[in-house]
Every structure is written in C-alpha cells, then in structure tokens.
Amino acid sequence: MEIIHYPHPTLRYQSKTICRVDRELKAMVREMFELMYDTRGIGLAANQVDLPLQLFVVNASGEPGNGEELVFINPVIDQPKGSEVSEEGCLSIPGVHADVNRPAQIHISAYDLEGNEIDMVADGLLARVIQHEYDHLQGVLFIDRISESAQKQIAGELDAFELEFNGHQASQKIPDQATILKRLVEVENRYC
Ligand code: CO
C-alpha cells in the first residue's frame with residue numbers, strides 16, 4: 001500500500017459504498033493509519049491509497065498512541081455552520097499548501113469498522129480534516145477550493161507533479177488508465 005499523488009486518476013474517482021467489512025479491509029485500515037503517521041498526516045482517505053471505497057481515517061493529533069483514531073465508513077456530512085479560512089495541505093500533493101474556506105462546524109453520520117453508527121458534530125481542526133477527507137471520496141481535492149490567485153501560485157508545483165506522474169506511467173511504474181480503472185471496479189465489487 002502506498003499513497004498516490006496528484007494527478008493519479010483514482011484521486012478523481014467517485015468512491016463507492018461499502019456493504020461489508022472483512023478482515024482484509026480491517027487490515028487495510030490499520031495500514032492506512034500507519035502510512036498516515038509515517039507521512040505526518042492527520043487524515044487519509046481510501047482513494048489516496050488507490051482504494052475506491054467510501055472510507056477515511058482521522059487522528060487529529062497526528063501521533064500514534066495520542067488522540068483518537070476515527071474510522072468513517074459511508075459518511076454523510078450535513079448541517080454546515082459558519083465559515084473559517086485556514087491553511088491546508090494534502091498527503092497526495094506533498095509540499096503544496098493554501099488557504100481554504102470551509103464551514104466551521106459540520107455534522108457527520110457514518111459507520112465505524114464494527115458497524116456502529118457514528119453521529120458526531122465537529123468543529124475546529126477536526127471539522128476541517130473531516131471535510132477535506134470527505135471531499136476526497138467525491139474526487140475533490142483542496143486545490144479545487146482555493147482562490148484563483150492561490151491556484152496561480154501553485155501552478156508550477158502542480159506541473160511538476162504532472163510531469164512526474166506522466167514519467168511513472170511511461171515507465172509503467174504506474175499502470176495505464178484502463179488497467180487502473182479495471183482494478184478499481186474489482187475492488188469496489190468485492191465490497192458491495
Ligand atoms: Co488530502
């Protein structure tokens with residue numbers, strides 16, 4: 001398992017509902033937490049590790065053994081309140097940061113790995129991480145939500161990511177689009 005980088009097509013894929021949790025999925029969630037800690041993140045969505053599933057993990061403390069490890073399966077966000085601007089980054093676009101305006105508070109309902117319902121009101125950093133990860137599941141990246149002037153500022157960095165990705169596809173380190181898509185459909189069919 002590894003974190004895929006912009007502009008990998010799985011980052012733009014609409015993640016699918018999870019109908020069952022098996023031992024393999026639980027192991028993948030564990031691995032997602034480890035990857036997230038290793039890369040100094042506080043949230044990670046399944047499609048960032050090339051899994052087309054509606055699932056993301058969060059630990060706002062960013063440290064193993066600290067804070068709370070949260071797993072959100074098939075999440076729905078509603079009841080947005082207020083707005084707040086804060087700087088964001090993303091493990092799939094490492095090194096790029098920009099201000100994003102988001103609701104300051106949200107309500108999220110979801111399921112955890114044991115099938116328990118999660119029903120939570122979040123604000124502050126937790127609300128921001130949850131919205132950022134939820135966006136991933138819809139194929140949305142934080143760079144889609146930044147100002148035009150901020151987009152101009154990071155354009156060069158995004159170009160570099162695109163060059164790197166094209167190089168990886170040319171050298172077959174990353175498969176071609178058709179192979180990527182075929183594997184995504186296989187994975188989503190395994191879980192629903
Ligand atoms: Co991200």
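User: Why is Phe33 called buried?

Analyst: In this predicted model, Phe33 has a relative accessible area of 2%. Buried means under 20%, so Phe33 counts as buried.

User: Which residue shares helix α1 with Phe33, and how are the two spaced?

Analyst: Tyr37 also lies in helix α1, four residues from Phe33, which is about one turn of the helix. Tyr37 has a relative accessibility of 8%. That value is under the 20% limit, so Tyr37 is counted as buried.

User: How many aromatic pairs does the structure hold, and what makes the pair of Phe33 and Tyr37 stacked?

Analyst: There are two aromatic pairs in the structure. In one of them, the ring centres of Phe33 and Tyr37 are 6.2 Å apart and the planes meet at 25°. Centres must lie within 6.5 Å for a pair, and planes under 30 degrees apart count as stacked. Both conditions are met, so the pair of Phe33 and Tyr37 is stacked.

User: Why is the pair of Phe56 and Phe72 called tilted?

Analyst: The ring centres of Phe56 and Phe72 are 5.0 Å apart, and their planes stand at 35°. Stacked requires planes under 30 degrees apart and edge-to-face over 60, and the rest count as tilted. The angle of 35° therefore makes this pair tilted.

User: Where do Phe56 and Phe72 lie in the chain, and how do you know whether Phe56 and Phe72 are buried or exposed?

Analyst: Phe56 belongs to strand β2 (residues 55–58) and Phe72 to strand β3 (residues 70–81); they are 16 residues apart, and the pair links distant parts of the chain. The relative accessible area is 0% for Phe56 and 0% for Phe72. Because buried means under 20%, Phe56 is buried, and Phe72 is buried.

User: What makes the backbone of Asn74 noteworthy in its phi, and why is Asn74 counted as buried?

Analyst: Asn74, found in strand β3, has a positive phi of about 50° although it is not a glycine. Most residues other than glycine have a negative phi. The relative accessibility of Asn74 is 18%, and the limit for buried is under 20%, so Asn74 counts as buried.

User: Which phi does Asp50 have, and why is Asp50 called buried?

Analyst: Asp50 has a positive phi of about 65° and is not a glycine. Its place is in the loop between β1 (43–45) and β2. With a relative accessibility of 17%, set against the limit of under 20%, Asp50 is therefore counted as buried.

User: What is the omega of the bond that joins Tyr6 and Pro7, and where does Pro7 lie?

Analyst: The omega is about 0°, and the peptide bond between Tyr6 and Pro7 is cis. Most peptide bonds are trans. Pro7 lies in the segment before α1.

User: Why is Ile3 called buried, and which residues does Ile3 touch?

Analyst: Ile3 is found in the segment before α1 (23–38). Its relative accessible area is 13%, and the cut-off is under 20%, so Ile3 is buried. Not counting residues up to four places away in sequence, Ile3 touches Leu35, Thr39, Leu44, Gln48, Val49, Leu91 and Ser92.

User: What makes Cys90, His132 and His136 donors of the cobalt ion?

Analyst: Cys90 (SG), His132 (NE2) and His136 (NE2) lie 2.1 to 2.3 Å from the cobalt ion. Donors are N, O and S atoms within 2.8 Å of this metal, so these protein atoms qualify. Their spacing in sequence is C-x41-H-x3-H. Cys90, in the loop between β4 (84–88) and β5 (98–102), and His136, in helix α2 (residues 124–137), are 46 residues apart and link distant parts of the chain. Both Cys90 and His136 are buried.

User: How do you know that β4 and β5 pair?

Analyst: Five bridges join β4 to β5, which run antiparallel. Pairing needs at least two bridges, so the two strands pair. One of the bridge partners is Ala98 in β5, opposite Glu88. Along β5, Ala98, Val100 and Arg102 point to one face and are buried, whereas Asp99 and Asn101 point to the other and are not.

User: Which elements make up the protein chain, and why is the chain called as compact as a globular protein of its length?

Analyst: The chain has four helices and seven strands, in the order α-β-β-β-β-β-β-β-α-α-α from the N terminus. Its radius of gyration is 16 Å, close to the 16 Å that the globule rule gives for 192 residues, so the chain is as compact as a globular protein of that length.

Definitions and conventions
Residues are numbered from 1 along each chain as its sequence is written. This is a predicted model: local features need pLDDT of at least 70, side-chain atom pairs count only at pLDDT 80 or more; totals for chains, interfaces and linings use all residues. Side-chain values use heavy atoms; hydrogens and water are left out. Buried means under 20% relative accessible area, exposed over 50%, partly exposed in between (1.4 Å probe, protein chains only). Contact means heavy atoms within 4.5 Å. Donors are N, O and S atoms within 2.8 Å of the metal (3.2 Å for Na, K and Ca); water is not among the atoms, so sites may look incomplete. The radius of gyration is taken over C-alpha atoms; the globule rule is 2.2 Å times the number of residues to the power 0.38. Rings of Phe, Tyr and Trp (its six-membered ring) pair if their centres lie within 6.5 Å; planes under 30 degrees apart count as stacked, over 60 as edge-to-face and the rest as tilted.
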